[in-house]
Amino acid sequence: MGGVEDEEPATKRMKLSSEQLRGLSNGSSFIEPIFGSSSDLMARPLSSEGDEGVVGTKGVIKRVEFVRIIAKALYSLGYKKSSAHLEEESGIHLQSSVVNLFMQQILDGNWDESVATLRKIGLLDEHIVKSASFLILEQKFFELLDAEKVMDALKTLRTEIAPLCINNSRVRELSSCMVAPSQCILVGSRSQDTVRSKSRSKLLEELQKLLPPTVMIPERRLEHLVEQALILQRDACIFHNSSDKEMSLYADHQCGRDQIPSRTLQILQEHSDEIWFLQFSHNGKYLASSSNDRSAIIWEVDVNGEVSLKHRLCGHQKPVATVSWSPDDHELLTCGVEENVRRWDVSSGECLQVYEKAGLGLVSCGWLPDGKRIFSGVNDKSISMWHIDGRELECWKGQRTLRISDLEITNDGKQIISICRESAILLLDREAKVERLIEEDQTITSFSLSRDNRFLLVNLLNQEIHLWNIEGDLKLIAKYKCHKRTRFVIRSCLGGLAQAFVASGSEDSQVYVWHRVSGELIEALPGHSGAVNCVSWNPVNPHMLASASDDRTIRIWGLNELTMKRKDQHINGVHYCNGGT
């Protein structure tokens, strides 16, 4: 690409029988009938809770907890008999009799009895007891209003809810229901029986979240633990680049290197000079490239992943530095080097508009999310905003951008990001009029914004790539090394599944790929015969990577196990490869 001098870089509420309750939160589980004297209702340790036994090889899983969570999962999955057999055989009960009684009283609408039973569970935190009592009495209040027992509801509010002395703002909201009953719909009451029956189940779910898990095991606890284990395994796998649906419980997860695109599948040879920039469209169906040959090319990606030329875009009088896809991928911007910006129709290849400023050159371009306005950096260090019809709408002057500069706009359209000094990147909030700066110790040559707008990847003159988290406070979180850069602008990108990888070009003719979180270098891909100026990862297909080089070619990289139907053929400027280089 063009040289860069070192000093200037470029659930239900219903009455249930006593048998119908075990799983509680889904409103359709069952419990055993509750019998016995009143002394049986007092909370006491579950029959096996004194068991110090553990399971597993590490000695960290308590047997009682393990069995209770399995029993809970079986009930939640609908295997009620199996869960009951597990409780009987193990002697470990899912819940104590006092908790079972409490749950049944909630579903039966025995509010005063349930509040009394709540205090027999043995909770040590009085705030939790009061908060749970508040939820129960609030439900009682609403049901009395629904039954048009207004004075009883008022009595509940004054003599039971208010004396708890918590959540005063909510008490005021409940008071408003006495003055304007229609307000109850907004606050939380419902008049239809079917909806009320659901609200008791909802109350149980809320109580479950409030009470300690040792009293009432959270719903889907086992699923949560298993998912957590899988996610930890996935995140520890530096090669993970395929759908999580392919993960299995039968074995520990570990992807192989073959999940990284590392084989040249195609070589695109339509440009007649160095290729400086390329970028996949948001939908992954197109690829655009720009070249020192003063043209840009729109390539089409078919359903099989093969890339072919769609349109050659001519009209610039100078080399084409960058391209930018519209939010809907129907149009494309191209920017000549200190020249003008052109807008093209992707379907027809027609030039729709030229944007230029008399006596000045444009150096970068980008779209606002509405697709009706664009931005461009200008070589007088300003940034201009244009309507797509060609009218300049606004201009931010001052040290906003450099002569050789990248330009990005966040997906919400609020922030413009540009290189404002050799070693600083400006994040301009155009609505709040707030400026933030990323300051580096080295000269910045290029940068790339992640699709989720959380990260900024910054290429530096000293052959390092820095990853900044730009959510909230600006923070440098990772550095990547090994690629070569001495003279040219070299560009990098985030990509792969969940943008878990960093890819970069390099002056040694290779494409470098790192794991984003660990910083570990995964691949150095040979094949090009000139400096690799730019790389782009297909945002839809994590197994497709493209690279552009001074050797006038674009390489399309894919997985090693893929085999192409066409081998060693030249068709319409495309060389179909049989692997390797």
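Helices (H or I, at least four residues) and strands (E, at least two) are DSSP runs, numbered from the N terminus. With that in hand, select Ser243, which sits in the loop between helix 10 (221–236) and strand 3 (263–268). What you have open is a predicted model, where local features need pLDDT of at least 70, side-chain atom pairs count only at pLDDT 80 or more, and totals for chains, interfaces and linings use all residues. Residues are numbered from 1 along each chain as its sequence is written, and side-chain values use heavy atoms, with hydrogens and water left out.

**Stop 1: two loop residues**

Stay on Ser243 and color by accessibility. Buried means under 20% relative accessible area, exposed over 50%, and partly exposed in between (1.4 Å probe, protein chains only). Ser243 comes out at 34% relative accessibility, so it counts as partly exposed. Now add Pro542 to the selection: the two are 299 residues apart in sequence, yet C-alpha to C-alpha they are 9.6 Å apart in space.

Next, jump to Asn292, in the loop between strand 5 (286–291) and strand 6. Its relative accessibility is 22%, and therefore Asn292 counts as partly exposed. Draw a distance from its C-alpha atom to that of Ile275, 17 residues away along the chain, and you should read 6.3 Å. Contact here means heavy atoms within 4.5 Å. Leaving aside neighbours within four places in sequence, Asn292 is in contact with Asp273, Glu274, Trp276 and Pro319.

**Stop 2: the hairpin after Asn292**

Select strand 6 (residues 295–301) and strand 7 (residues 307–314). Seven bridges join them, and they run antiparallel. Two strands pair if DSSP finds at least two bridges between them. Show Ser295 and you'll find Cys314 of strand 7 opposite. Five residues lie between the strands of this hairpin, and Gly305 takes a positive phi near 90°.

**Stop 3: helix 1**

Go back along the chain to residues 63–76. The expected span of a helix is 1.5 Å times one less than its number of residues. For the 14 residues of helix 1 that should be 20 Å, and the end C-alpha atoms are 20 Å apart, which agrees. Which residues of helix 1 are buried? They are Val64, Val67, Arg68, Ile69, Ala71, Lys72, Ala73 and Tyr75. Past helix 1 comes Gly78, with a positive phi near 95°.

**Stop 4: helix 5 and its partners**

Put helix 5 (residues 126–146) in the middle of the view and add helix 4 (residues 111–118). Axes are lines fitted to C-alpha atoms, for helices over the stretch in contact, and angles run from 0 to 180 degrees between N-to-C directions. Angles under 35 degrees count as roughly parallel, over 145 as roughly antiparallel, 65 to 115 as roughly perpendicular and the rest as oblique. Helix 4 and helix 5 pack at about 175°, axes 10 Å apart, and are therefore roughly antiparallel to each other. To see the contact, show Trp111, Asp112, Ser114, Val115 and Leu118 of helix 4 with Val129, Ala132, Ser133, Ile136, Leu137, Gln139, Lys140 and Glu143 of helix 5.

For coloring by class, Ala, Val, Leu, Ile, Met, Phe, Trp, Tyr, Cys and Pro count as nonpolar, Asp, Glu, Lys and Arg as charged, and the others, Gly among them, as polar. This contact has seven nonpolar, three polar and three charged residues.

Now swap in helix 7 (residues 168–179). Its axis and that of helix 5 come within 11 Å and cross at roughly 10°, which makes helix 5 roughly parallel to helix 7. Here Phe134, Glu138, Phe141, Phe142 and Leu145 of helix 5 meet Arg170, Val171, Leu174, Cys177 and Met178 of helix 7. By class, that contact has eight nonpolar, no polar and two charged residues.

**Stop 5: two open sheets**

Select strands 12 to 15. Four strands make an open sheet in the order 12-13-14-15, with antiparallel pairing. Strand 12 (362–367) and strand 15 (392–396) are the edge strands, each pairing on one side only. From one strand to the next, the twist averages 20°. Strand 12 and strand 13 (residues 373–378) pair over five bridges, with Ser364 opposite Gly377. Strand 14 (residues 383–387) and strand 15 are joined by four bridges, and Trp386 stands opposite Glu392. Four residues separate this pair in a hairpin, and Gly390 in the turn has a positive phi of about 105°.

Last, the open sheet in the order 16-17-18-19, also antiparallel. Strand 17 (residues 415–421) and strand 18 (residues 424–429) pair over six bridges; finish on Ser418, whose bridge partner in strand 18 is Leu426.
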